[in-house]
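Got the viewer open? Let's take a short walk through this one, selecting a few things as we go.

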Protein chains: 2
Amino acid sequence: MADERNPPPKIDPLLEVRERRRGQRPGDQYVRVVRPFDDMFERGDEGELVATLRTVTARTGWHTTLRALRTLLIGRPIPSHREHEERLTKLKALAIFSSDNISSSAYATEEIMRILVLAGVGALALTLPLTLVIVVVLAIVATSYRQTIRAYPDGASAYLVASDTLGARAGLVAAGALLIDYTLTVAVSISAAVAAITSIVPELFPERVLIAVALVAVLALGNLRGVRESGTLFMAPTYLYVVVVLGVIGLGLARYLGGDLPAYEAPPGWLEAEATGPLTLFLILRAFSSGAVALTGTEAISDGVPAFKAPEWRNARTTLTWAAAIFGTLFLGISFLASSIGIVPDPSEQQTVLSQLTRALTGEGPYLYLVQLATALLLALAANTSFADFPRLSSFLARDSYMPRQFAFRGERLAFTTGILALAGLAMLLLVAFGASVTALIPLYTLGVFVAFTLSQGGMVVRWYRRREQGWRRGLAINGIGAATTGFVALIVASSKFAAGAWMVIILIPALMALLLAIRRHYARLDAALELIPITGALRTARGPIVIVPVARLDRPAAQAIAFARSVSPEAIAVHVTNDADAVESMRRQWPEWAGGMELVIVESPYRALIGPLLAYMDALQRQDPSRPVLVVLSEFVPRHWWENLLHNQTALRLKLRLFTRRNTIVADVPYHLS
Amino acid sequence: MADERNPPPKIDPLLEVRERRRGQRPGDQYVRVVRPFDDMFERGDEGELVATLRTVTARTGWHTTLRALRTLLIGRPIPSHREHEERLTKLKALAIFSSDNISSSAYATEEIMRILVLAGVGALALTLPLTLVIVVVLAIVATSYRQTIRAYPDGASAYLVASDTLGARAGLVAAGALLIDYTLTVAVSISAAVAAITSIVPELFPERVLIAVALVAVLALGNLRGVRESGTLFMAPTYLYVVVVLGVIGLGLARYLGGDLPAYEAPPGWLEAEATGPLTLFLILRAFSSGAVALTGTEAISDGVPAFKAPEWRNARTTLTWAAAIFGTLFLGISFLASSIGIVPDPSEQQTVLSQLTRALTGEGPYLYLVQLATALLLALAANTSFADFPRLSSFLARDSYMPRQFAFRGERLAFTTGILALAGLAMLLLVAFGASVTALIPLYTLGVFVAFTLSQGGMVVRWYRRREQGWRRGLAINGIGAATTGFVALIVASSKFAAGAWMVIILIPALMALLLAIRRHYARLDAALELIPITGALRTARGPIVIVPVARLDRPAAQAIAFARSVSPEAIAVHVTNDADAVESMRRQWPEWAGGMELVIVESPYRALIGPLLAYMDALQRQDPSRPVLVVLSEFVPRHWWENLLHNQTALRLKLRLFTRRNTIVADVPYHLS
């Protein structure tokens with residue numbers, strides 16, 4: 001034990017000064033080497049090191065393989081200081097932020113028709129009027145949101161607006177509604193994208209759930225890589241879609257004016273499969289509610305205000321107006337032509353209405369494929385916006401302690417890893433549960449959106465009234481109409497779609513709110529309990545622990561544990577709990593030569609239990625000096641292969657679990673590695 | 001840190017001398033109190049304590065509840081010295097050890113008929129001849145086993161006999177076959193017991209799998225309590241069954257001789273459901289293989305030789321002869337009467353042949369219920385013998401390092417807990433997988449039994465030949481005939497039942513053997529690697545560890561960890577890994593007042609990783625002095641409710657997993673409990 005009395009040379013914690021002994025003979029000099037350590041750390045401010053990329057990437061063994069796979073999938077880590085926001089021109093912003101909204105035109109008409117056709121083909125005549133009503137609502141919402149954008153130029157998420165104006169609880173309702181909304185945006189958009197593909201490649205229809213789940217995985221992976229929303233590449237799908245669908249509408253209008261619209265005949269059986277009842281007011285409201293899905297995505301532009309070029313709010317609201325105008329045109333055009341030609345939705349959902357319309361006008365040719373491809377791409381892009389929105393909102397909530405802290409943590413590529421994975425997982429669940437059917441998902445979708453709209457607009461009303469700035473009456477009126485309209489629509493959706501699925505959302509929003517509040521309460525209680533003030537006293541009275549080493553048999557792992565225990569405390573006690581009286585003798589004989597001056601206590605356990613007697617023994621030791629902690633030194637064998645753990649370590653694991661909950665107890669694990 | 005320099009009073013590891021300070025004023029005397037500590041420990045030999053029952057039972061919190069539940073279910077712990085074997089009279093031994101064998105008569109006839117009837121009712125005439133052949137085989141096996149019992153009076157398990165005579169590998173084949181056999185004994189006997197019950201209470205038939213699984217659970221629980229096989233209670237079912245079934249047979253024979261056998265008419269549809277092909281030799285062999293199940297359980301008596309009163313071997317073999325004679329009588333009687341009356345097996349397996357026979361002879365009355373009840377009880381008792389045999393064989397295998405060591409460990413009630421639970425689990429799996437159907441299980445059952453027979457008898461042949469003791473020629477001839485017969489039957493069973501399920505056993509036996517060998521190799525390699533000899537040197541050079549404390553924020557848990565680290569090493573280093581440059585300043589400011597002289601190193605992590613930089617930092621520290629271990633002191637928060645772990649500790653857990661595989665690294669967990 002000479003070395004214990006002769007303490008080893010001091011370790012330099014800042015790695016700058018390395019003392020090295022040259023040669024082995026006595027009398028050799030110490031040489032001081034001053035340098036930053038290898039390439040793992042750079043020198044920071046005083047007392048500070050800065051880790052390099054190698055600390056993250058250069059590990060040995062199977063971690064290298066994992067790391068290589070990870071780099072292949074999501075790329076090399078990005079340092080924090082490279083975080084920056086690229087500002088967007090209106091042209092780019094329109095393409096990126098409006099993709100969610102504009103893409104709704106790919107299925108909004110169809111969803112109206114799917115409800116109306118339940119009352120027979122004649123009822124389809126209501127498609128265009130309902131579309132008009134929805135476009136009017138859209139105009140009201142867009143006008144109303146123009147004001148919100150101006151009032152919250154740093155980001156007008158309904159969560160922020162409602163929290164700011166209506167209080168924390170209203171903010172949480174909005175947050176819950178938005179989290180649901182974003183998740184459903186992914187599920188619905190991806191389902192619609194798959195429908196666009198299966199419309200032209202019907203062979204893929206039986207695999208639609210699989211394809212949808214795979215698409216979500218690709219999106220999640222892309223976002224874990226930290227795909228920048230601003231890439232010019234992302235402009236393409238939106239404009240391509242707008243251009244080709246405007247082409248379809250233009251062609252249709254031309255043939256309509258020329259009295260040359262093609263004849264359309266629904267395949268036999270489609271109508272019998274669908275017409276099931278009379279045309280009631282309730283049915284019309286349901287159709288309206290389905291079509292109201294067209295308004296989803298309006299939120300995206302107001303979320304993204306800070307990303308616009310200056311003056312941000314002005315550019316953002318111009319973009320919002322444009323987006324609404326483009327969307328309205330496409331929506332009206334598609335509804336008008338589908339009604340005029342007399343298209344009937346496919347009850348099996350294999351072919352979309354947009355695909356049928358294009359096919360009727362252009363035939364089965366390259367243009368049809370172009371339209372469907374553009375639709376699928378745009379819908380995927382729309383889903384992608386949720387992969388920015390959901391994690392961002394989660395990180396706000398986590399920073400406000402409403403969600404687990406890991407949601408606020410940026411991963412190696414600066415993306416909010418937990419949020420992205422959570423969104424992907426939830427969306428996949430929905431896709432599997434609802435068979436990747438847009439029609440099945442729609443009833444869940446719209447309600448959350450309109451709840452968030454209403455809270456956001458309602459918040460604006462309160463804000464106008466409180467501030468009474470110049471022009472507040474006009475602003476209050478606009479937002480008031482907006483809030484009333486969206487609130488009314490929310491009620492219609494909630495009642496007409498209640499049985500079809502809206503009830504889930506009605507349960508889910510308060511449940512989410514309760515969960516978020518519970519998490520916040522937990523963190524708050526904890527912070528209070530862990531608070532720091534009277535700690536210095538505790539530190540001063542710290543005393544060396546009572547050290548015990550449970551020894552099962554005299555082998556190398558035990559020797560290692562004993563060596564550690566002695567190096568930490570000269571009073572360490574070895575404890576051998578046994579039910580084998582024969583083995584005691586040989587242990588007692590070997591011990592002195594084995595562990596020198598260390599004390600060995602043998603605890604006979606006639607009931608063959610190990611943990612109970614050990615805990616009781618610890619109790620007895622500690623009662624001699626209750627304020628000292630007890631340090632239990634466990635030797636644990638690290639097998640070469642994980643499955644070998646089945647043959648070992650169960651006792652150590654059980655013991656650790658028990659000790660974890662024991663007060664004033666510290667467990668030190670001394671692993672023994674086979675070399 | 002005054003207390004560190006002024007070491008605390010020494011703790012007495014043997015708890016005999018307690019030093020207590022009376023009062024708090026300086027000058028007070030120390031008082032030595034000598035006594036065994038409370039009622040947790042008694043004084044043993046020198047340097048030894050003996051744990052009392054209270055160390056096992058007296059724990060706080062939810063452990064008390066668990067303990068109460070456990071005591072309710074399996075009883076209070078039993079100390080090791082109470083282990084003893086009660087010797088059995090022949091009358092008791094016959095009842096207990098032959099239950100497995102005799103109980104086969106409840107289904108053996110039926111299983112022969114179930115195969116024969118596939119060729120139509122006419123083929124059922126072969127039932128009696130096949131029964132005769134099987135009884136002859138039984139006579140051969142019993143005669144052969146009489147010799148084995150004499151040769152191995154300490155227990156003639158096929159594993160022991162084959163290991164001793166044919167080598168370790170043959171022993172393992174026998175062991176594998178027996179493990180399968182015991183498991184199937186439970187599954188088949190319990191299925192048959194349930195069938196005996198559903199024969200009189202058909203309402204229970206739809207729940208047969210559930211009832212069977214529940215029965216296995218009851219047996220497992222009884223055996224965990226350490227039910228003594230020797231209880232007089234266990235005699236009842238065997239003799240009750242023998243008496244009532246002999247009664248049925250006697251009545252049948254009397255009516256047969258009086259020409260007064262009742263007329264029997266199979267319900268309409270039974271025959272059409274079953275007759276599916278011609279009567280081929282293969283079918284006859286299949287029927288024979290099914291009936292060969294009658295021989296299962298012969299092993300049980302030879303396993304239990306040491307439990308007989310002296311002279312053990314002589315009493316055991318007399319008992320074996322009696323058991324075979326009784327079984328043969330019952331089997332022949334049932335087969336004869338069932339053929340004579342012309343009973344046809346129920347294709348739905350709702351009613352057993354024995355039940356139909358009794359019903360035909362005695363009508364639906366109390367005697368029928370008595371027979372069925374006795375049958376069910378006996379079959380449950382037969383299953384119970386496997387709950388003694390399987391864990392005992394497992395413990396032999398575990399002692400020889402062929403199975404995980406926990407199989408050799410006796411639980412609180414002296415039962416082999418792991419073996420009992422493993423058997424119950426496997427039997428339940430089989431019951432669920434095969435719908436608790438005897439007929440479905442039979443093809444898996446018989447092969448293992450005959451493989452074990454063959455190895456055991458073959459081993460005896462080798463033994464006779466090697467030893468050439470007096471009378472060896474006769475002995476060799478008897479065992480040779482036994483081995484040849486059982487080997488031949490094994491071949492017939494393997495080929496005729498191959499497709500029906502025997503293939504599983506043919507795969508399973510070598511797979512089990514490979515597994516047992518792999519486990520043994522693992523333990524052998526390990527023992528070699530952990531061997532002890534050059535350890536004392538290592539102990540002498542043990543040096544104090546480099547101590548680091550990762551500190552995430554300045555709170556109570558961190559303070560506790562720091563206090564522990566300092567008490568263990570004055571050089572301990574605190575490390576704060578962060579990606580938040582703003583927080584660094586406030587930490588740096590608070591630190592000196594907070595942790596006194598302790599050094600704080602701040603590691604900036606621009607890639608936001610925690611574990612990588614920390615590991616790299618540890619590498620760098622250790623490279624300054626590679627032989628010193630590093631002790632990582634982790635503060636961990638212990639939440640009040642387990643689910644709160646979802647909001648905490650993920651990082652600590654991941655870090656611990658990584659550190660567990662790092663060489664020369666010790667992890668100390670300092671838990672912080674909310675008070």
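## A greasy spot, then a helix

Start on the outside: select Leu66(A), Leu69(A), Leu72(A), Leu73(A) and Leu221(A), which together make a nonpolar surface patch of about 450 Å². Keep in mind that this is a predicted model. Now colour helix H3 of chain A, residues 62-74: four residues of the patch come from here, the largest share. Click on Leu72(A), which sits in helix H3. Is Leu72(A) buried or exposed? It's exposed, at a relative accessible area of 65%, where anything over 50% counts as exposed.

Zoom out to all of chain A for a moment. You should find 26 helices and nine strands, and 56% of the chain's 675 residues count as buried. Its exposed area is about 28300 Å², with carbon and sulfur atoms supplying 62% of that.

Next, hop to chain B and select helix H18, residues 417-433. Put a distance between its end C-alpha atoms: they are 24 Å apart, in agreement with the span expected for 17 residues at 1.5 Å a residue.

Now show side chains on H18(B). Gly419(B), Ile420(B), Leu423(B), Ala424(B), Ala427(B), Leu430(B) and Leu431(B) are buried. Look down the helix axis: the buried residues of H18(B) fall within an arc of 130 degrees, so they line one face. That spacing fits a general rule: an α-helix has 3.6 residues a turn, so residues three or four places apart point the same way.

What covers that buried side? Helices H9, H10, H17 and H19 of chain B are among the elements that do. Flip to the face turned away, and you'll meet exposed Leu429(B), Val432(B) and Ala433(B).

Last stop: Gly435(B), which follows H18(B) and has a positive phi, near 60 degrees.

Note on methods. Residues numbered from 1 in each chain as written. Chains lettered and ligands numbered in written order. Predicted model: local features only at pLDDT ≥ 70, side-chain atom pairs only at ≥ 80, totals over all residues. Heavy atoms only, no water. Helix = DSSP H or I, 4+ residues; strand = E, 2+ residues; numbered from the N terminus. Buried < 20%, exposed > 50% of the residue type's maximum accessible area, 1.4 Å probe, protein only. Areas by Shrake-Rupley, 256 points an atom, 1.4 Å probe, with all protein chains shown as cover. Patch = residues over 30% accessible without salt bridge, like charges linked within 9 Å, V, L, I, M, F, W, Y side chains within 5 Å. Salt bridge = Lys/Arg side-chain N within 4 Å of Asp/Glu carboxyl O. Expected span 1.5 Å × (residues − 1). Arc of directions from axis to C-beta. Contact = heavy atoms within 4.5 Å.
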